[in-house]
Every structure is written in C-alpha cells, then in structure tokens.
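Please open the structure in your viewer and keep the sequence panel beside it, since this tour moves from one selection to the next.

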Amino acid sequence: MTLTPADTPGTRLAPADLRLAADLSIAALRPALDADWSVRAGALEWDCWETAEHLVDDLFSYAVKLAAERTGSNVPYRRTAESPDGPQNAVRVERAAGPEGLLAALDSAAALMHAVVSVKSPEARAYHVYGDSDPEGFTAMSVVEILVHTHDLTTGLGLTSWEPPADLCARALHRLFPHVPAGTEPWPTLLWATGRGDLAGRERLAEWRWYGAPR
C-alpha cells in the first residue's frame with residue numbers, strides 16, 4: 001500500500017480535538033442514562049457497558065504509557081475480562097454507579113489523556129501494539145476510539161444517528177489511515193476503515209488497523 005506524504009498545514013490533531021471528541025460523545029450518550037446498557041453495542045460482541053468501559057480503559061492506558069514514555073512493551077497492569085468474550089481491562093467502573101458513572105469515568109479518562117498529551121514534547125514516544133507512537137499519534141488514536149465506540153454505543157442504545165464533525169474525522173483519517181481512499185466523506189470513510197461500514201466501490205473490511213508511527 002502507498003502512504004501519503006508528511007503532514008501539511010491544517011491536517012494535524014491537537015489535544016483540544018481529544019477533549020472535543022469526548023465532550024461530544026458524552027453529550028450524545030447522556031440521553032441513554034435510563035436505557036439498558038446490557039444490550040450489544042452495534043455489531044460488536046461486547047455489550048454497551050463493556051464497550052464504554054473498554055473506551056475508558058483505552059484512554060487510561062494511552063495516558064499511562066505516554067506519561068511514562070514507555071516504549072517496546074506495555075505497562076504491566078493486570079488486565080482481566082469479566083465475561084468469556086469481554087474486553088480485558090485494567091480499569092473497571094463500579095456497576096452500582098450506573099451509566100452516569102460510566103460517563104463520569106469517560107470524562108475523567110479523557111481529561112487525564114488530554115493533560116498528558118498537552119505537556120509532552122513531540123519527540124516523546126510510547127508503546128502501541130502497532131508500533132511506538134508520538135503524542136499526536138496517541139491523540140489521534142484516542143479520537144478514533146471515542147468516535148467509533150460512540151457509534152457502537154449509540155447504535156446499540158437506539159439513539160439518534162451519531163455523526164461527529166467531518167473535519168475531526170478527516171484529520172484522524174489523515175494521521176492514522178493514510179491508505180484509505182481519497183475524496184470520500186470523512187465519517188463514512190472512518191467507519192469503513194474501522195470495519196464498521198460500507199464504502200462505495202470497496203468491500204467491507206473484515207480486518208483493519210491504523211498506522212500510528214511518527215510521521
């Protein structure tokens with residue numbers, strides 16, 4: 001596959017984009033506080049509670065790794081699954097706190113990640129399974145995790161169709177998915193690139209990945 005050239009002005013992601021994504025996600029999910037979060041999250045095998053908890057864990061994990069600038073291997077927190085097919089998390093949300101507690105945990109994890117990327121030098125590096133990445137890469141990963149899992153959650157919870165800002169999606173695509181087709185609408189393209197949607201002239205992806213290496 002062919003990767004695009006280095007970033008050009010107007011294509012970079014900033015810490016504020018991560019905060020924006022989280023705020024939009026929380027606002028979109030808040031109408032479902034009284035809903036049943038044990039239903040499946042869209043096409044995922046996980047239920048909505050597990051998916052939201054996984055998102056919290058993702059943001060926490062990225063913040064911890066980047067804060068320590070740990071490269072080459074993961075921070076060795078103990079990760080466990082609460083169900084046979086559930087996500088393996090280091091962070092859990094108190095079930096008695098309900099969906100309101102999930103959103104509070106998401107807000108907190110996003111704030112933690114935002115704080116870390118805001119103070120890190122562009123030369124900082126930290127571990128990811130697809131290769132060590134830089135603060136902008138981790139910002140982009142966080143944004144994509146928030147956007148696509150909010151799609152999973154709103155689909156599962158029966159909420160109004162979720163569509164984040166096109167510009168935010170476009171910059172996330174530019175940073176992490178340089179192999180995707182150009183000239184298509186950013187949000188449907190991001191869903192296609194993460195195996196969640198169809199794109200005209202392209203087969204739906206059964207497997208996918210992003211490219212977080214510094215550019």
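## A tour from pocket to helix

Begin at the second largest pocket, whose lining, sorted by class, has 8 nonpolar residues, 5 polar residues and no charged ones. Bear in mind throughout that what you are looking at is a predicted model. The space in this second largest pocket comes to about 210 Å³. To find the pocket, select Leu173, Phe177, Val180, Pro181 and Ala182, which of the 13 lining residues are the closest to its centre. Now colour α5 (166-176) and α6 (186-193), the elements that each give two or more residues to this lining. Of the elements, α5 gives the most to the lining of the second largest pocket, with 3 residues.

Stay with α6 for the next selection. How many of the 8 residues of α6 are buried? The helix is mostly covered, with 7 of the 8 counted as buried, and you can pick them out as Pro186, Trp187, Thr189, Leu190, Leu191, Trp192 and Ala193. If you show α4 and α5 together with α6, you will see the elements against which the buried residues of α6 pack. Then step just past the end of α6 to Gly195, where the backbone takes a positive phi of about 75 degrees.

Another residue with a positive phi is Glu69, for which the angle is about 50 degrees although this residue is not a glycine. To reach Glu69, go to the loop between α2 (48-68) and α3 (98-119). Is Glu69 buried, exposed or partly exposed? Its relative accessibility is 38%, and because that value lies between the limits of 20% for buried and 50% for exposed, Glu69 counts as partly exposed.

From this loop, turn to the largest pocket, which holds about 580 Å³ of space. Select His54, Asp58, Tyr62, His128 and Glu145, since these are the residues closest to the centre of the largest pocket among the 28 that line it. Two elements, α2 and α4 (135-157), give two or more residues to that lining. The one that gives the most is α2, with 6 residues. When you colour the lining of the largest pocket by class, you should find 12 nonpolar, 9 polar and 7 charged residues, whereas the lining of the second largest pocket has no charged residues.

Finally, zoom out and show the whole chain as a cartoon. Which elements does the chain have, and how many of each? There are 6 helices and 0 strands, and read along the sequence they follow the pattern α-α-α-α-α-α. Along its principal axes, the C-alpha trace spans about 50 × 40 × 30 Å. For 215 residues, a compact globule would have a radius of gyration near 17 Å, and the chain, with 17 Å, agrees with this.

Two further views of the whole chain complete the tour. With a surface switched on, the chain exposes about 10,100 Å², of which carbon and sulfur atoms supply 53%, while 49% of the 215 residues count as buried. If you display contacts instead, and keep those between residues at least 6 apart in sequence, 69% of them join residues at least 24 apart.

How values were computed. Residues numbered from 1 in each chain as written. Predicted model: local features only at pLDDT ≥ 70, side-chain atom pairs only at ≥ 80, totals over all residues. Heavy atoms only, no water. Helix = DSSP H or I, 4+ residues; strand = E, 2+ residues; numbered from the N terminus. Buried < 20%, exposed > 50% of the residue type's maximum accessible area, 1.4 Å probe, protein only. 1 Å grid on protein atoms, 1.4 Å probe; cavity = no way out; pocket = protein on both sides within 12 Å on 5 of 7 lines; lining within 4 Å. Points joined across faces, edges and corners; volume = space filled by probe spheres on them. Nonpolar A, V, L, I, M, F, W, Y, C, P; charged D, E, K, R; others polar. Rg over C-alpha atoms; globule rule 2.2 N^0.38 Å. Contact = heavy atoms within 4.5 Å. Areas by Shrake-Rupley, 256 points an atom, 1.4 Å probe, with all protein chains shown as cover.
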